[in-house]
Amino acid sequence: MKILITGAAGFIGFHLCRKLLNLNYEVLGIDNINNYYEKSLKENRLKIIGDLKNSKSYWKFHKISLEKNYSLEKLFNSFKPDVVVNLAAQAGVRYSLKQPNKYIQSNIAGFGNLLECCRSNKIKHLIYASSSSVYGGNKEFPFKESNGVNHPVSLYAATKRSNELMAHTYSHLYDLPTTGLRFFTVYGPWGRPDMAYFIFTKSIINETPIKIFNNGNMQRDFTYIDDVIDAIIRLIDKIPLKNSNFNFINPNPSSSWAPYKIFNLGNASPVKLMHFIEEIEKALDKKAIKIFMPIQPGDVEGTEANIDSLYSWIGFKPKTSLKDGIEKFVNWYKDYYY
């Protein structure tokens, strides 16, 4: 099977490419290697992926942006993928307050180009990254895919919700099977330096203060990267079908009469931010210097995933405890940076 991975040099894309190559898939990766965070980390990820290539696996990488429609079409026509996993996006909630146009260009215009390529090349399955941020101001925990998601509190969240709606349109009009994944705070080795756990670890080691927003009254459903990759691998062959029993009177927004699915992908075990910091302190055997701050625009106080639908669909359950996940990340961080 030929699989095209967008955002291949990113955190999740890197781990997915590694796993697929180990399973002897043919993989084409693309990424624009932007400067949102240190390029060297992305380049080192790509080097590791390239070192994995063997006689049974196929790996090629191209540096392009989804916004470059002509280049994208050429790649599709030459590689002819069976499945596409879209992990390319301008990430980050707070950065969307400073650079909104980057999100509109990458996450909406770029995703539109990708959908067109999938349609014209009759892709068997498009899996794409959404986000738990689409739940916005929702206060009903845990978050279920059947909840309303029409009140985003950041432009980043709005672009991810737009992706879900755009995907549904293509599923309906062109019978393109699509699966959207609402990721819940993915963490682990080779992660994104803009994420809180990364910043906390660096600051604790360097004995500089960490900013704790909303005065620490936050909770997140932290999901370890290996569990995320396990779910994506299982989903590749689990292609959505048309649902002739779809209830048009009382519709479930996570499914459709079209070949379309939306799933939460989280740990289903929310953790208070202060406990999360304590686990990093334990792994480092060092205390943090804490500065408590008010909540930031675009932030939400809590997330918690209900993953019953994903379990019913592919039998997925997360396996990694927070303690084990943090220890693995901290060990990698110290090895990579020190």
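The following paragraphs describe a predicted model of a protein chain, from its overall dimensions to its strands, cores and a loop residue.

The protein chain contains eleven helices and 13 strands. For 338 residues, a compact globule would have a radius of gyration near 20 Å, and the 19 Å of this chain agrees with that expectation. Along the principal axes, its C-alpha atoms fill a box of roughly 55 × 50 × 40 Å. Of the 338 residues, 53% count as buried. The accessible surface comes to about 15,200 Å², and carbon and sulfur atoms hold 49% of that area. Among contacts with a separation of 6 or more, 82% join residues 24 or more positions apart.

The path through the strands may begin at β1, which spans residues 2-6 and has four of its five residues buried. Strand β1 pairs in the parallel sense with β2 (residues 26-31) over five bridges, and within this pairing Val-27 of β2 is the bridge partner of Ile-3. Between these two strands the chain passes through helix α1 (residues 11-22), forming a right-handed β-α-β crossover. Strand β1 also pairs with β4 (residues 83-86), again in the parallel sense, over four bridges. Here the bridge partner of Ile-3 is Val-83.

From β4 the pairing continues to β5, in the parallel sense and over four bridges, with Val-83 standing opposite His-125. How many of the seven residues of strand β5 (residues 125-131) are buried? Seven of the seven are, so the strand is largely enclosed by the rest of the structure. In a regular strand, side chains alternate between the two faces of the sheet. In β5 both faces are covered: His-125, Ile-127, Ala-129 and Ser-131 are buried on one side, and Leu-126, Tyr-128 and Ser-130 on the other. Strand β5 further pairs with β6 (residues 178-183) in the parallel sense over six bridges, where Ser-130 stands opposite Arg-182. Together with helix α6 (residues 155-174), β5 and β6 make a right-handed β-α-β unit.

The packing of nonpolar side chains comes next. The largest nonpolar core has 73 residues, and those with the most contacts inside it are Ile-5, Ile-12, Leu-16, Leu-20, Val-85, Phe-183 and Tyr-197. Helix α8 (residues 225-236) gives the most to this core, contributing eight residues. Apart from this core lies another, of 24 residues, including Ile-30, Leu-72, Val-84 and Leu-176.

Tyr-197 is one of the buried residues of helix α7 (residues 196-206), together with Phe-198, Phe-200, Thr-201, Ser-203, Ile-204 and Ile-205. The buried residues of α7 pack against α1, β7 (186-187), β8 (210-212), α9 (273-284) and α11 (322-337). Beyond its neighbours within four places in sequence, Tyr-197 is in contact with residues including Phe-11, Val-186, Tyr-187, Phe-276, Ile-280 and Phe-329. Just after α7, Glu-207 adopts a positive phi of about 60°.

A last site is Arg-94, in the loop between β4 and α4 (95-98). Is this residue, Arg-94, buried or partly exposed? Its relative accessible area is 36%, which means that Arg-94 is partly exposed. Not counting residues up to four places away in sequence, Arg-94 touches Phe-213, Gln-296 and Asp-299. Arg-94 and Pro-297 are 203 residues apart in sequence, yet their C-alpha atoms are 7.5 Å apart in space.

How values were computed: Residues are numbered from 1 along each chain as its sequence is written. This is a predicted model: local features need pLDDT of at least 70, side-chain atom pairs count only at pLDDT 80 or more; totals for chains, interfaces and linings use all residues. Side-chain values use heavy atoms; hydrogens and water are left out. Buried means under 20% relative accessible area, exposed over 50%, partly exposed in between (1.4 Å probe, protein chains only). Two strands pair if DSSP finds at least two bridges between them. A crossover is right-handed if, with the strands pointing away from the viewer, the path from the first strand over the helix to the second runs clockwise. The radius of gyration is taken over C-alpha atoms; the globule rule is 2.2 Å times the number of residues to the power 0.38. Contact means heavy atoms within 4.5 Å. Accessible areas come from the Shrake-Rupley method with a 1.4 Å probe; for residues, only the protein chains shown count as cover. A nonpolar core is a set of buried Ala, Val, Leu, Ile, Met, Phe, Trp, Tyr and Cys residues joined through side-chain atoms within 4.5 Å.
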